[in-house]
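Visitor: I should like a close look at a single part of this model, namely the lining of the largest cavity. Which elements and residues supply that lining?

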Amino acid sequence: MRIGLLTDGGYPYATGESRLWCDRLVRGLAQHEFDIYALSRSAQQEDHGWIQLPPQVQRVHTAPLWAPEDDGRTYGRRERRRFVSHFKELATALCGENGDFAEGLYGLAELARERGGLYAALRSELAVRVLESACRAPGTRRTVHAATVLDYLAFVDRLERALRPLSLDWYRDDGLGAVDLCHAASGGSAALTGLLAKRFFGAPLLVTEYGVQLRAHYLAAADRELTAPVRALLAAFQGRLAAEVYTQASLITPGNAHARRWQEKCGADRAKLRIVYPGMESDRFAAVGDGDDSGDGHTLVWVGRIEPAKDLIALLHAFAEVRKEEPGARLRLFGAPVQGPEATTYLAHCKALAAQLFPDEAADAHAVGDNPVSFEEIGGPEAPELADAYAAGAVVVLSSVIEGFPISLVEAMFCGRATVSTDAGAVVEVIGGTGLVVPPRNPRALADACLALLRDPERRERLGAAARARALELFTIEQNLTAFRALYLELISHSPVRREAESIGADGEPLPFARPAEAYVPGNWTGGGTASGGRIPRWANGPGPLRGLIGAAATRKEARA
């Protein structure tokens, strides 16, 4: 079947959040054809280019969300009335409970598809007046009612950016109209594209969220320099969009139970939800996981991005308590190179705290002092590979206060290491009883759990073996591909048969046998040639056993002639 893979700020670009699992999905399901519809987030992302794409990717369509796309069209009187009607419905829904969000959204999408001009309309004085009228209508929320003209302008600017997928040229019979189903790699803008494909062509929609887009918006909104009315309107838009996506999606695949609870609170039907864990490479950790070396029994290891959400401050205070009980203990922190001023400042603060809590120690007056806490980069001389970082100690620690799906924890499980983690995000679900879990922001509890494992090698070994077995059962690429392969077949089996554009003649009537049955056999059946004169037909020029059989038959026929 042909899959329309919808991405936002990721695959097929070389940078982005979804690029790895999308690439594994496309490469692992080689029996299907994929059309990629990708939204880019910045000029820098586009400058980095694409990753190498496998042959099953048939077409790639890209569009920038970071740059305005003004088609130069303006509306006449009739189009203005349509715009006002639809935009009023959408704005009223965002300001209160009376408007019909879906009617307004799809009305604007149909107007953009037929006439274009949505960029100029959304940034016009007319749009600001409609928004002002909706905000000041009786029954609106108090926060929205207090909005000023500057607030209207700020919100309209951000709303136009969020609605840019409505103006794309992807909604044609030879575009999204030609796919058998749409698979959105995230909520938000990517899923909005899938909503329109379902609206215009009836294509079933599968939505995968390894990080809930609405939750990410709420967390990011607190850091923005926006007024309360603008934040309230943006939150209302994202909430209504998420609810509409969950309503229209045929199936929703959260990456863990933590994401599933968010989706249920936002209106997702429980019957549509199927948890599919992210698939991760286990082979790169096989040497450590299957090896006899269980790591230094006096060393704690932390691996991850150095940022405030990881709460390394609490970890350092917990390690101070560990050192009081076990003076020979060490803490090694492995992180990727820091990026951005916030991460750089946080790393400097952590190093200063470590120097204050643990002054350099020396065995005697002639020895060089050494600090029991070390900050190291993955790829450095001590840990050239990621697996080397986990192999450096016997216990792996995670101290986060905010966490989605704990990737570093799964990597430690692949390595057969015992773990101590804080109860954040999907940690308890991932661990499943194969490690110790303590409350976040509790250095004393974290220290006690670390001490319990440092002092009990047999327990460490049992937990590490159980953790590796659990990770190999649930979190590998193979289980991820198996799940999506079954979901694709389930979706297509419940969808009505849709005629393809290539199967319809110039008179609008179906063309019998326009696409032979062999075209559906796994492989790329796109070679040249015809079926006349004993030559091999185009569908037989692809790879596979049929090509060899048909080619041999044609050769024998020519020999007899």
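Guide: Helices (H or I, at least four residues) and strands (E, at least two) are taken as DSSP runs and numbered from the N terminus. The model is predicted, and it holds four cavities of 30 Å³ or more. The largest cavity encloses about 110 Å³ of space. Its lining comprises 13 residues, of which Glu69, Glu160, Leu163, Arg164 and Ser167 are the closest to the centre. Two elements, β3 (57-64) and α5 (118-122), each supply at least two residues of this lining. The greatest contribution comes from α5, with three residues. In terms of residue class, nine of the lining residues are nonpolar, one is polar and three are charged.

The second largest cavity may be set beside this one. A volume of about 80 Å³ is found for the second largest cavity. Its lining consists of Gly187, Gly188, Glu209, Gln213, Leu214, Gln238, Leu241, Ala242, Val245 and Tyr246. Here α10 (213-221) and α11 (228-248) each provide at least two lining residues, and α11 accounts for the largest share, with five. The class composition of this second lining is five nonpolar, four polar and one charged.

To return to the part requested: the lining of the largest cavity draws at least two residues from each of β3 and α5, with α5 giving the most, and its class count is nine nonpolar, one polar and three charged residues.

Terms used: Residues numbered from 1 in each chain as written. Predicted model: local features only at pLDDT ≥ 70, side-chain atom pairs only at ≥ 80, totals over all residues. Heavy atoms only, no water. 1 Å grid on protein atoms, 1.4 Å probe; cavity = no way out; pocket = protein on both sides within 12 Å on 5 of 7 lines; lining within 4 Å. Points joined across faces, edges and corners; volume = space filled by probe spheres on them. Nonpolar A, V, L, I, M, F, W, Y, C, P; charged D, E, K, R; others polar.
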